[in-house]
Amino acid sequence: RPLFLYSAVVDGQEVVKHLDGLSAERFFKDEKEEDYSRSLPAGLAETAVSCDAASKPLTLFALLERERTAQTRLVIVFCNATDTVTRLAHLAQLWSLRRSWAGGEESILAMSSAAGAMRRDAIIKECRRRLAEEDIPTTVLIASDALARGVDLPSVALVINYDAPRDASNYVHRVGRTARAGASGRAVTLI
């Protein structure tokens, strides 16, 4: 397919000489060619929940109310922006106090790329500590994509995509936090 480039200040013959031999395939990758379904965990159950932007926090809290059971030890909520992580974590802490959740505001943790490496490590250690103790209620970790790759947290029962991921690769990494090593897990995306 021919590519036309128009410029008011550059000689057309000069541009043709530099672009000769280049093709779009060298610079653009079609995501449709990737088969991300093979990368999803076998025990993963996926769900989408439709809601408008104004009711998104309430939809999230309704999901969390439903999921706070003895079998659900850790829930990860993914957001696209660090400021969304911060605002949502504060709102969730207030909600947990208002609803008298066991563990209260301490059951809500937040982690984003805005936190330094030492702080992120401390949050991961706190999650692991809470998972190791049987009598600690469900922990909700609200995170940015800083948590989506390279972090292994056991017993993640549910991943909630508060903001839909920007691409298929991010989706695979986010939902890959649950249903690990043959276990079952669930992913819910709010759209």
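1. Which residue of S4 does Ala110 stand opposite? The answer is Ile142. Before going further, bear in mind that we're looking at a predicted model here.

2. That pair belongs to the contact between strand S3 (residues 108–111) and strand S4 (residues 139–143), which run parallel to each other and share 4 bridges. Another pairing along the two strands puts Met111 opposite Ala143 in S4.

3. How do you get from S3 to S4? Helix H5 (residues 117–132) goes with them: S3, H5 and S4 form a β-α-β unit, and its hand is right.

4. Zooming out, there's an open sheet of 6 strands, paired in parallel and ordered S1-S6-S5-S2-S4-S3. At its edges sit strand S1 (44–49) and S3, each of which has pairing on one side only. On average, neighbouring strands in this sheet are turned by 20 degrees against each other, if you ignore direction.

5. Now the helices on the sheet. Helix H4 (residues 82–98) packs on it and touches strand S2 (74–78), S3 and S4. The direction of H4 makes about 175 degrees with that of S3. Then there's helix H6 (residues 168–175), lying across S1, S2, strand S5 (156–161) and strand S6 (185–190). Relative to S5, H6 runs at about 150 degrees.

6. If you're after pockets, have a look at the second largest one, with about 190 Å³ of space in it. It has 13 lining residues, and the closest to its centre are Thr86, Ala89, Ala110, Met111 and Arg119. Ala110 and Met111 turn up again in that group, having already appeared opposite Ile142 and Ala143 of S4.

7. Which elements each supply at least two residues of that lining? They are H4, S3 and H5. H4 gives the largest share, with 5 residues. So far as chemistry goes, the lining of this second largest pocket splits into 8 nonpolar residues, 4 polar ones and 1 charged.

8. To pull the threads together: S3 is an edge strand of the sheet, it belongs to the β-α-β unit with H5 and S4, it is touched by H4, and it helps line the second largest pocket.

Methods: Residues numbered from 1 in each chain as written. Predicted model: local features only at pLDDT ≥ 70, side-chain atom pairs only at ≥ 80, totals over all residues. Heavy atoms only, no water. Pairing = 2+ DSSP bridges. Right-handed = clockwise from strand over helix to strand, strands pointing away. Axes fitted to C-alpha atoms, helices over the stretch in contact; angles between N-to-C directions. Contact = heavy atoms within 4.5 Å. 1 Å grid on protein atoms, 1.4 Å probe; cavity = no way out; pocket = protein on both sides within 12 Å on 5 of 7 lines; lining within 4 Å. Points joined across faces, edges and corners; volume = space filled by probe spheres on them. Nonpolar A, V, L, I, M, F, W, Y, C, P; charged D, E, K, R; others polar.
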